[in-house]
Amino acid sequence: MKQQPDRNLGMELVRVTEAAALSASRFMGAGDKEAGDAAAVDAMRAVLQTVSMDGVVVIGEGEKDEAPMLYNGESVGTGAEPKLDIAVDPVEGTRLLATGRPNSIAVVAATERGAMWDPGPSFYMNKIVVGEEARDAIDITQSVARNLYSIAEALERKVNEVTVFVLDRPRHKTLIEEIRAAGARVQLHTDGDVMGALMAAIPGTGVDVLMGIGGTPEGVISAAAVKALNGGMQGIRAPQLESERRKLMDLNLDLDQVVRLDDLIAADDAFFAATGITGGPFLDGVHYDRDGGITTHSIVIRAESGSLRFIKGIHRLKRSIEFGRPSKQSFQAMVDIAAK
């Protein structure tokens, strides 16, 4: 590793996710996905520029013409060493935020430059994620039932004691039927691909495995956390639109290729930080306290050290500070406080 970080950058990146969560939280239940996401993007980008690193966004909000901030290829950080690949999801679960439902989070991941898999035009991927105990038990090319029985054996449980996180989508009708036929328990979620992977990889969350088709960019972000947790993850491109399929075929990409954890994150070290926006069983959401403070709950993970930290932050933001797309002065005040 040519320019290996000599510090836990996750402790600096959590300031980025805190700022995004603080900004987005004002839009909880407002019914406007775009406003909450825009607020988080603005705050995340502003604080990213204060982090001592030379970062390039590999997984962002889209191409430059479609996403004026945090677009794929954008440079972030102060420009100092180390050189890093950055993946961001300012609001994972924009619909959850807009409707006030649990488990929307702000997420950032980082690895050394060139180590993060670039999905290109691949927007969807079939994924399976488990924790450390079952990392050698999964094979995405095998049947759902065979995987579940192998996972149950690795966990020393009966298959009806295994809980599977699945996104509640029409495309998963057959998958859900196969999980139930195998005897495992199904936990359906409307959104939250990254959160599902986190819960599958961390013991004690009530989720043992994530299965199903979700976003490819979210898969790369998830991989940073799964690798840091020494979990297991495999994926196969699963284009959902004919236009996506044609683009992949034009690039002569093998749609049956199994993408493994070391393909998604090629470096030994990886950093992951996430802050809850709306409350959930795993991360508390942004809470406005009676004494004027604002409380955030975050997780920070580093692969090299294997450290996992839960961080409770209490922020003393002035009530005059606006969130969302605020005035330049009030927004900078919020960023300055979140960056401390």
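Is His 172 buried or exposed? In this predicted model, His 172 is buried, because its relative accessible area is just 2%, and the cut-off for buried is under 20%.

**View 1. Here's His 172 and the residues around it.** You'll find His 172 in the loop that links strand E6 (163–167) with helix H5 (173–182). Its side chain gets to the backbone nitrogen of Ile 213, at 2.7 Å. If you skip the neighbours within four places in sequence, His 172 is in contact with Val 166, Leu 167, Gly 212 and Ile 213.

**View 2. Zoom in on strand E8, residues 209–215.** This strand is mostly covered: seven of its seven residues are buried. E8 runs antiparallel to strand E5 (residues 124–130), and seven bridges join the two. Look for Asn 126, which sits opposite Ile 213 in E8. With E6, E8 pairs in the parallel sense, over two bridges. Val 164 has Val 209 in E8 as its bridge partner, while Phe 165 stands opposite Leu 210 in E8.

**View 3. Now the sheet itself, an open one with six strands.** Read across and you get the order E7-E6-E8-E5-E9-E10, with mixed pairing. Strands E7 (185–189) and E10 (258–260) stand at the edges; each has a single partner strand, so one side of each has no neighbour in the sheet. On average, neighbouring strands here are turned by 20° against each other, ignoring direction.

**View 4. Helix H6, residues 193–201, packs on the sheet.** Helix H6 touches E5, E6, E7 and E8, and its direction makes about 160° with that of E8.

Definitions and conventions: Residues are numbered from 1 along each chain as its sequence is written. This is a predicted model: local features need pLDDT of at least 70, side-chain atom pairs count only at pLDDT 80 or more; totals for chains, interfaces and linings use all residues. Side-chain values use heavy atoms; hydrogens and water are left out. Helices (H or I, at least four residues) and strands (E, at least two) are DSSP runs, numbered from the N terminus. Buried means under 20% relative accessible area, exposed over 50%, partly exposed in between (1.4 Å probe, protein chains only). A polar contact is a pair of N or O atoms within 3.5 Å; within protein, one must be able to donate a hydrogen and the other to accept it, and residues adjacent in sequence count only if both atoms are side-chain atoms. Contact means heavy atoms within 4.5 Å. Two strands pair if DSSP finds at least two bridges between them. Axes are lines fitted to C-alpha atoms, for helices over the stretch in contact, and angles run from 0 to 180 degrees between N-to-C directions.
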